[in-house]
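User: I am new to reading structures, so please pick one part of this one and walk me through it slowly. I would like a connected story rather than a list.

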Amino acid sequence: MKLPRDVIESLARHLDDCALEAHDTPKITDAHPDMDWDDAYAIQDTIRRHRLARGARLVGYKAGLTSHAKMRQMGVDTPVFGFLVDTYGLPDGGECKAAELIHPKVEPEIAFVMKFELKGPGCHIGAVLAATDFVIPGIEVIDSRYRDFKFDLKSVVADNASAARFVVGGQPLAVAGIDLRTLGIVLEKNGQPVSFGAGAAVLGHPAAAVAMLANHLGARGESIPAGSLILSGGITEAVAVEAGDNVTLRVHGMGSTGMRFV
Ligand code: OOG
Ligand code: MG
């Protein structure tokens, strides 16, 4: 750790205020170039504590920057992890209020719902599949609090990996008997297909992202509890959206989910 506790606290409050008031900020490493990974996750953990203290419920976790398309789009080379609280969740087919967000983008993802606790280190794809209850289509709405979506990895970790909203829906499927690598997806915006992909875009297999998340949490003395929802990461580049847009994700054999931006 390079930053003193009071600086971690004030950066956490600052980023949380930006999220709550929908205004942007320069990336925090500009003013704190020495901050390290532990500082970044400590800021994220502090935001999580504040959110839970205000009554939010932890519902799961997200992995981000797990596909080459996303890494290339954002100019980074390692996945990041964040938390999901109930207040991020939207009903399937529901409304997402664009005015509450700065510059939202949507990402097609495979969401995992866990049947058993998953605890790293040492988790692998097999352990993830064994612990999974079902997978379900998910759209994540990311909204970096950083000006023009420009950040480095430590800044984005501190900002809870740009987490903002999500929706899941469609047909849940048990993982036995399906190959998540060849699972095809189509993301539509206003009825037009805008991006396509398959599960293998996420680290070769979406369960690999969940294993990485479990190992990351395990190194910090945490685990993925049974019942958690895990967003395994955008399969394609994120797509910018604004009020008036309709977004639908279709996943092969799993129906669709979507939302409207108002
Ligand atoms: C970071 C979050 C990326 C994903 O699925 O790749 C993410 C960002 O690009 O703002 O959630
Ligand atoms: Mg995502």
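Analyst: Let's start at P121, whose place is in the loop between strand 4 and helix 4 (125-131). Keep in mind as you look that this is a predicted model. The peptide bond leading from G120 to P121 is cis, and its omega is near 5 degrees. Strand 4 (105-114), on one side of that loop, brings us to the part I'd like to show you closely, since strand 4 supplies at least two residues of the shell around ligand 1.

Strand 4 has company there: strand 1 (58-64), helix 3 (68-74) and strand 5 (132-142) each give at least two residues to this shell as well. Which element contributes the largest share? That is strand 1, with 3 residues. There are 17 residues around ligand 1, and those that come nearest are K62, L65, E107, S162 and G234. Sorted by class, the shell holds 8 nonpolar, 4 polar and 5 charged residues.

Now for the contacts. A polar atom in the side chain of K62 lies 2.7 Å from an oxygen atom of ligand 1. For S162, a side-chain N or O atom is 2.6 Å from a ligand oxygen, and for E109 the corresponding distance is 3.0 Å. How much of ligand 1 does the protein cover? On its own the ligand has 320 Å² of accessible area, and the protein covers 100% of it. Ligand 1 sits in the largest cavity.

E109 has a second partner to look at. Together with E107 and E140, E109 is a protein donor of the magnesium ion, ligand 2. These three glutamates use their OE atoms and lie 2.0 Å from the ion. Along the chain, the donors follow the spacing E-x1-E-x30-E. E107 lies in strand 4 and E140 in strand 5, so this pair ties together parts that are 33 residues apart in sequence.

One last stop comes after strand 5. D148 is found in the loop between strand 5 and helix 5 (153-158). Phi of D148 is near 60 degrees, which is a positive value in a residue other than glycine.

Definitions and conventions: Residues numbered from 1 in each chain as written. Chains lettered and ligands numbered in written order. Predicted model: local features only at pLDDT ≥ 70, side-chain atom pairs only at ≥ 80, totals over all residues. Heavy atoms only, no water. Near = heavy atom within 4 Å. Polar contact = N/O pair within 3.5 Å; in protein donor to acceptor, adjacent residues only side chain to side chain. Areas by Shrake-Rupley, 256 points an atom, 1.4 Å probe, with all protein chains shown as cover. 1 Å grid on protein atoms, 1.4 Å probe; cavity = no way out; pocket = protein on both sides within 12 Å on 5 of 7 lines; lining within 4 Å. Sits in = over half its atoms within 2 Å of the grid points. Helix = DSSP H or I, 4+ residues; strand = E, 2+ residues; numbered from the N terminus. Nonpolar A, V, L, I, M, F, W, Y, C, P; charged D, E, K, R; others polar. Donors = N, O, S within 2.8 Å, 3.2 Å for Na, K, Ca; no water.
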